[in-house]
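Here are my notes on this model, written as numbered points. Keep the structure open beside them as you read.

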Amino acid sequence: MKIHILFLFLLTTQIFCKSIIDVLTEDERFTTLLKHLETTRLTPLVNNLTTATLFAADNDAFSKYEGKIDADILLYHFLGKGMLMDEFHHGQSKETLLVLPNYLGPDHEGQRIKLTKQDKQWMVNQAKVTNENIQVNNHTFIHVIDRVLNLPGLLGDSTKANNKIIYDLMATTEMIQLLQEKKPFTLFLTTSKTPLDKYNTIESNYLKSTFGKDDLTTFFKYSIIDKKVIYMDEFTSGKTTFKSLSGDSLVIASTKKSMTVNDIPIVQSDILASNGVIHLVDDTFHSSSIDFSTRKYMYGSNCTYMVEYFDQYHLDHFLDQSDLNLTFLVPPSDAINKTLLSTAWLSYHVLDGAWPQQNLKDDMLLASKYKSHALAQQYQRVPVSVVDEVLIYGGHSIRFSHARMLGDEVTIGNDIIYRISEPLSLPGDILEKLVLDLDYSTFIATLYVSEVVQEIKSTEGLTLFVPTNDAFQKLGLVAKYLVHPTAKSLLQTVLRNHAISNRLLYHDDMKNTSIHTLANETLSVQQNESGIVTIGDSSASLLDTNTLVSNGVVHKLSQVLMPTQVEITNQHLLVGIESNTMLQILERANLLDVINQENMVVLAPSDKAFSRIDLDTLFSNQVELERVAKLHIIPREWQDRWIAQSPSHDKSEYPTLLSDDDKVTIRENEKGELWIEVKNGRESDRAHVTGLGRVSAGGGVLAIDTVLVPIRRGFFGLPWIWSLIVTLTLIMITGGILSIIVFFVYKIYNRRRLGYRPIF
């Protein structure tokens with residue numbers, strides 16, 4: 001009995017005295033391992049271990065290993081505590097004897113291995129455990145594995161192995177270099193193949209561009225915790241908040257069933273790296289630290305060239321601000337004429353206010369951010385047209401000036417970006433703009449004749465009402481006089497009466513207001529419910545509005561606005577039509593003052609008409625001269641229609657200044673032409689009206705192509721023929737009456753002579 005007890009004591013003592021080297025030496029499977037331990041001079045260290053766990057690679061494992069075996073590799077196979085395999089649990093990570101300074105922190109933490117169990121098969125990292133629980137002593141155990149354990153790579157390398165797409169994106173930034181640094185990190189790595197799917201296409205394009213590197217770095221930093229390695233197998237239940245590299249909070253929540261970070265499930269935890277650990281999550285984070293601006297959206301929309309222009313011309317504040325509401329109009333790069341680039345041009349492509357499509361209406365004028373000196377420091381406008389195209393496109397077409405909107409609007413914060421088909425052109429010089437409309441040719445001519453053109457071009461903040469050619473045509477002979485050299489000052493006043501300075505009036509602004517013109521006149525402006533605008537006391541209305549020019553806005557007007565200070569007389573009109581002979585006749589007849597009185601209408605034959613008259617004889621006969629002059633004056637107010645509107649009348653008669661009997665007849669033919677003739681005069685003396693003009697005093701001038709000849713009158717003021725007829729008729733009537741009287745007187749006398757007496 002004592003012998004058995006002694007044997008057991010000796011056996012136990014022998015077991016307790018064994019070392020790992022002793023056990024490895026006794027097993028031929030570990031000759032290679034022993035050799036490497038000896039070569040790396042680790043044998044003394046291993047012999048001195050009082051407790052440890054060795055995952056021992058056998059000879060076959062070393063034969064298949066292609067790398068270099070060094071002390072770090074061998075130490076990576078040792079745990080500092082003896083553990084049987086049943087003491088491990090699935091997914092557990094354990095610290096080895098290999099310490100890489102600062103890799104996992106300043107506390108000299110050893111590199112880790114990860115143990116997993118698949119269908120009762122234990123795995124250490126990627127190596128299978130082929131023989132478990134070889135006891136060295138009560139505190140030291142050896143487990144045989146079928147391959148040499150590789151040291152975990154740095155986090156950058158591990159990222160590439162787990163998600164190549166993320167790695168490639170990180171490689172465009174400095175994040176891979178960061179993850180390769182020899183300091184600890186915890187990385188939450190998405191499994192998504194579209195890691196930027198939380199962002200729209202423009203934001204994603206920006207983040208992937210060279211301009212988005214900083215924000216893309218922030219995006220990745222959101223998922224990284226530095227200076228700390230968090231192993232999920234050691235994470236207790238509950239929630240713990242950590243700060244990521246981006247400064248955002250990462251909340252790790254653990255339950256018996258799952259683990260999440262910011263409510264995103266962790267699908268695989270504790271992927272080891274030499275400088276940290278990776279946890280795979282099945283979604284991507286959306287960092288609130290990334291603020292998208294208009295500049296960034298321009299980058300993401302492939303509008304880099306516009307950003308460069310804004311920076312070049314010191315307008316970058318438009319792109320980087322967040323307080324204003326702006327709308328950007330972006331033309332194609334190849335359509336931009338770089339010689340036209342300027343601060344003004346760029347500012348004109350920025351609209352004040354955010355204008356979504358649904359708020360754009362036809363004929364709108366939107367204020368740009370181009371503040372022009374020529375507009376009296378007001379902002380130039382951009383015209384908008386909206387045309388429904390339901391039948392063609394199923395929508396509507398929106399144009400800014402001549403540029404068509406391409407695609408949909410892009411909204412970023414308080415700003416909106418529109419792609420347009422072509423660059424906008426700044427409103428040009430007023431004269432260059434006006435000449436494009438043939439309906440303005442008369443007005444343009446008067447500007448040059450009056451020498452007001454430079455004044456109009458240089459007026460700041462100009463609102464100009466431009467009468468059409470028809471409007472000048474309505475003035476008739478007045479228009480001819482205004483362009484006469486003697487009427488230059490009056491013409492200047494008339495033209496200035498159509499201009500306003502330092503006040504831009506667009507169509508929508510003209511509602512029951514008054515305007516003060518450059519002619520120092522005040523005109524009323526009225527707009528009815530239909531939007532029709534009338535100017536002044538006349539019926540002048542706007543035919544077309546809001547033509548933008550460099551120094552203001554132009555509106556087309558149906559009538560010429562005559563200033564009250566401009567007095568046009570009949571004498572003026574005669575000068576304007578160069579009716580010089582008629583002027584001489586009126587002067588010699590002392591009628592110049594008469595024709596300028598109120599309600600006097602002058603029939604003015606042309607000088608060519610007078611060429612058919614013997615003027616020398618006429619001028620030598622003062623009486624006849626006055627008769628001719630007075631026959632050409634109608635003492636009545638101007639008639640808008642000289643023919644009475646009656647189906648039974650095709651002519652009207654008007655007494656002349658010569659006498660009430662000396663009338664002129666005005667007829668209108670089927671073409672609407674007026675003809676004038678002396679009543680009861682010769683048909684050959686009929687005159688064609690070649691022009692009309694109304695004057696300020698209520699009368700006017702009718703230009704005619706024939707001189708009217710007064711009728712020579714006999715007795716009773718009648719023409720000679722009628723005078724003879726009337727005279728003969730009166731003689732016959734008188735003779736007949738006298739014959740009857742003589743007859744009855746004779747009868748009475750004869751009876752009395754014969755002695756007849758009345759019976760009574």
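1. A term to settle before the rest: contact means heavy atoms within 4.5 Å. Leaving aside neighbours within four places in sequence, Tyr-309 is in contact with Ile-336, Lys-338, Leu-341 and Leu-346. This is a predicted model, in which local features need pLDDT of at least 70 and side-chain atom pairs count only at pLDDT 80 or more, while totals for chains, interfaces and linings use all residues. Residues are numbered from 1 along each chain as its sequence is written, and side-chain values use heavy atoms, with hydrogens and water left out.

2. Staying with Tyr-309, this residue lies in helix α13, where helices (H or I, at least four residues) and strands (E, at least two) are DSSP runs numbered from the N terminus. Is Tyr-309 buried or exposed? Buried means under 20% relative accessible area, exposed means over 50%, and partly exposed is in between (1.4 Å probe, protein chains only). Tyr-309 has a relative accessible area of 7%, so it is buried. Its C-alpha is 8.7 Å from that of Ser-342, and the two are 33 residues apart in sequence.

3. Now the overall shape. A compact globule of 760 residues would have a radius of gyration near 27 Å, whereas the protein chain has 56 Å. That radius is taken over C-alpha atoms, and the globule rule is 2.2 Å times the number of residues to the power 0.38. Along the principal axes, the C-alpha atoms fill a box of roughly 230 × 65 × 40 Å.

4. What is the chain built from? I count on 28 helices and 35 strands in the protein chain. Buried residues make up 48% of its 760 residues. Take the contacts between residues at least 6 apart in sequence: 61% of them join residues at least 24 apart.

5. Surface and charge. The protein chain exposes about 39300 Å², and carbon and sulfur atoms supply 51% of that; accessible areas come from the Shrake-Rupley method with a 1.4 Å probe, and for residues only the protein chains shown count as cover. There are 71 positive and 88 negative charges, with mean positions 6 Å apart. Lys and Arg count as positive and Asp and Glu as negative, with His and the chain ends not counted; each charge is placed at NZ of Lys, CZ of Arg, CG of Asp or CD of Glu.

6. Which residues touch the most other members of the largest nonpolar core? They are Ile-430, Leu-464, Ile-568 and Leu-586, in a core of 58 residues. Helix α20 (residues 477–482) gives the most to this core, with five residues. By nonpolar core I mean a set of buried Ala, Val, Leu, Ile, Met, Phe, Trp, Tyr and Cys residues joined through side-chain atoms within 4.5 Å. Beyond its neighbours within four places in sequence, Leu-464 is in contact with Ile-430, Phe-443, Ile-456, His-498, Ala-499, Val-553, Val-554 and His-555.

7. Helix α17 (residues 441–450) holds Leu-447, and Ser-450 is found in α17 too. Leu-447 counts as buried because its relative accessibility is 0%, and Ser-450 is buried with a relative accessible area of 0%. Neighbours within four places aside, Leu-447 is in contact with Leu-431, Val-452, Val-453, Ile-456 and Leu-495. On the same basis, Ser-450 is in contact with Lys-488, Leu-491, Gln-492 and Leu-495.

8. Over in strand β1 (residues 52–57) sits Leu-54, which is buried because its relative accessible area is 1%. Not counting residues up to four places away, Leu-54 touches Ile-20, Leu-24, Leu-33, His-77, Phe-78, Phe-141, Ile-142 and His-143. Leu-54 and Leu-360 are 306 residues apart along the chain, and their C-alpha atoms are separated by 77 Å.

9. In helix α11 (residues 213–221), the buried residues are Asp-215, Leu-216, Thr-217, Thr-218, Phe-219 and Phe-220. Their cover includes α8 (164–171), α9 (175–179), α10 (201–208), β9 (224–226) and α12 (294–300).

10. Two backbone angles to look at. Most residues other than glycine have a negative phi. His-108, in the loop between β3 (92–99) and β4 (110–118), has a positive phi near 55°. Asn-302, in the loop between α12 and α13 (304–312), has a positive phi near 60°. His-108 counts as exposed because its relative accessibility is 60%, and Asn-302 counts as exposed at 60%.
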